[in-house]
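Here is a short report on how one protein model is packed and paired. Read it with the structure open beside you.

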Amino acid sequence: MSSNELDKRYGLMTAIAMVVGVVIGSGVFFKADDVLRLTGGNLVIALLAWALGAISMIFGALVFAEFAQRIEKSNGIVDYAEAAYGKKFGYLVGWFKGVLYYAPLSAILAWVASLYTMILLGSDNPTNSTATWVVAAVYMAATYLINFYAPVLAGKLQVGSTLIKLVPLILVAVVGTISGLLNGVTTTNFVQAMDGIGSTGGTLATAVVATAFAYEGWIAAVTINSEIRDSKKNLPRALIIGTLIVFVVYVSYFLGIASVLPTGEIVEQGDNAVNIATTGLFGGTASTILTVFVIISCLGTLNGLVLATMRIPYSLAIRNQGPAPKWMSRVESHHHMPVNSARAAALLSVIYSVLWYCSINETFGRYIALDEMPIVLIYGLYLFLYVWYMRTFTEFGWIKRFVIPICAALGSLIILYGGITNPSLGLYLGVSVVVILLGLLFYRPEADE
């Protein structure tokens, strides 16, 4: 191993935890009312929306699992893009992931974790108080420090936080569903849903978009492909197992919530429906306990995002690309981590924290959806890789070669449709194009030779 290579420090469980732990953040706890509202309170159509929304994740993971079995260098998606369309395309994908994707999402997750912490502490203005931003900065700094000085511990924290965040979801799914079957709420909701099919079907598309965003994040696992032991076997397993776990947990949790309360009441109560349902199932302290689990869930997602963010500049630098590649590719000898890559990633996260603050306060005259637009753009990128997959892997049968990537592409198109309806799309796309073009200033054609 050269001095600039990273250790094979992570196993299958950490890779699975990267998939599950990054996808499951805070949104799943409070999505039930949104999906039901968008489907007119129809439980059957809402469940169908959760199933269709998973298409982009499950079939996308099947495609990327094939990539992972064949290609391994540093940072999976950069490797795959490079193999598909050349080194310049791979570089731009890495630049986008580092500057416009993981960094803003990590900044926002630190704020979300802080937001729920302040709610737990009884803050009157948790969204934009000084204390919220201070706690967010502490969460961000602590996560970067742990990931740099104790990367193995960071991997264990990813596994631990993932297991912890699954506890309330599984409890609500199992206890809620059993309770609903015993008291008749589940049967009533399904009977009403079947009677209403046809009158609410037109809202299915927007509900699918809402669920599709909740499934994003599974791609984070491929950023540590060069650090996973036996990566060409374990990473494909992690992608497939992890995405299936997320799908089953999401649908089961949603059914559990919808088995406790009539769908009409869930829509009426909005985000408070989860607290009412959990209080009814587990008692008066349930809402407080749930908030603690949400905080742990957010911090687990933040840990996974930071783990990925820190490695992006390094993955470009070892290709002799990006700003100051010799400096950025330097691996610190004691902890065997890319020290300057981590510093650059932390700086980007700080910059995006400031931009998110400005967005919430509409400093620039309007709110910008920094939490949604990067996801929309990355799914546009996936379409190019799905096309390459169909053109390249000619040895597959028609189902594996065409049906699976086409389903994955349809899932991506659903998310792109949702992005088109966002009013801040134009501004974000304009800024993104400028930032990507700036990346070309650090591209070295001679490094491809």
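## Core and surface

F64 touches I77, Y80, W218, I219, L239, Y382, L385 and Y386, leaving aside residues up to four places away in sequence. Contact here means heavy atoms within 4.5 Å. The model is predicted, so local features need pLDDT of at least 70, side-chain atom pairs count only at pLDDT 80 or more, and totals for chains, interfaces and linings use all residues. Residues are numbered from 1 along each chain as its sequence is written, and side-chain values use heavy atoms, without hydrogens and water.

F64 also belongs to the largest nonpolar core, which has 135 residues. F64, I77 and W218 have the most contacts inside this core. Helix 6 (residues 87-120) gives the most to the core, with 19 residues. A nonpolar core is a set of buried Ala, Val, Leu, Ile, Met, Phe, Trp, Tyr and Cys residues joined through side-chain atoms within 4.5 Å. Buried means under 20% relative accessible area, exposed over 50%, and partly exposed in between (1.4 Å probe, protein chains only). Helices are DSSP runs (H or I, at least four residues), numbered from the N terminus.

The surface has a nonpolar patch too. W398, I399, F402, I406, L410 and L413 form it, with about 610 Å² of accessible area together. Patch residues have over 30% relative accessible area and no salt bridge, and nonpolar side chains (Val, Leu, Ile, Met, Phe, Trp, Tyr) are joined within 5 Å. The areas come from the Shrake-Rupley method with a 1.4 Å probe, and for residues only the protein chains shown count as cover.

## Helices 19 and 17

L413 is found in helix 19 (residues 398-420). L413 counts as partly exposed because its relative accessibility is 45%. S412 is also in helix 19, but its 0% relative accessibility makes it buried. S412 touches S56, Y379, Y382, L383 and Y386, again leaving aside residues up to four places away in sequence. The C-alpha atoms of S412 and T127 are separated by 31 Å, with the two positions 285 residues apart along the chain.

Helix 17 (residues 339-360) has 22 residues, which at 1.5 Å a residue should span 32 Å; its end C-alpha atoms are 32 Å apart, which agrees. The expected span is 1.5 Å times one less than the number of residues. Buried residues of helix 17 include N340, Y352 and W356. Just after helix 17, E362 takes a positive phi of about 50°.

## Salt bridges

The structure holds eight salt bridges. Each is a side-chain nitrogen of Lys or Arg within 4 Å of a carboxyl oxygen of Asp or Glu. Three of them are listed here.

| Pair | Closest N to O distance |
|---|---|
| R70 and E66 | 2.8 Å |
| E66 and K400 | 3.0 Å |
| E227 and R311 | 2.5 Å |

R70 and E66 both lie in helix 4 (residues 55-70), four residues apart, about one turn of the helix. R70 is partly exposed at 33% relative accessible area, whereas E66 is buried at 8%. The E66 and K400 pair links distant parts of the chain, with E66 in helix 4, K400 in helix 19, and their positions 334 residues apart. K400 is partly exposed at 34%.

E227 and R311 are both in loops, so their pair ties together parts that are 84 residues apart in sequence. E227 is buried at 0%, and R311 is buried at 2%. Salt bridges that share partners join E66, R70, E395 and K400 into one network.

Notes:
Helix = DSSP H or I, 4+ residues; strand = E, 2+ residues; numbered from the N terminus. Patch = residues over 30% accessible without salt bridge, like charges linked within 9 Å, V, L, I, M, F, W, Y side chains within 5 Å.
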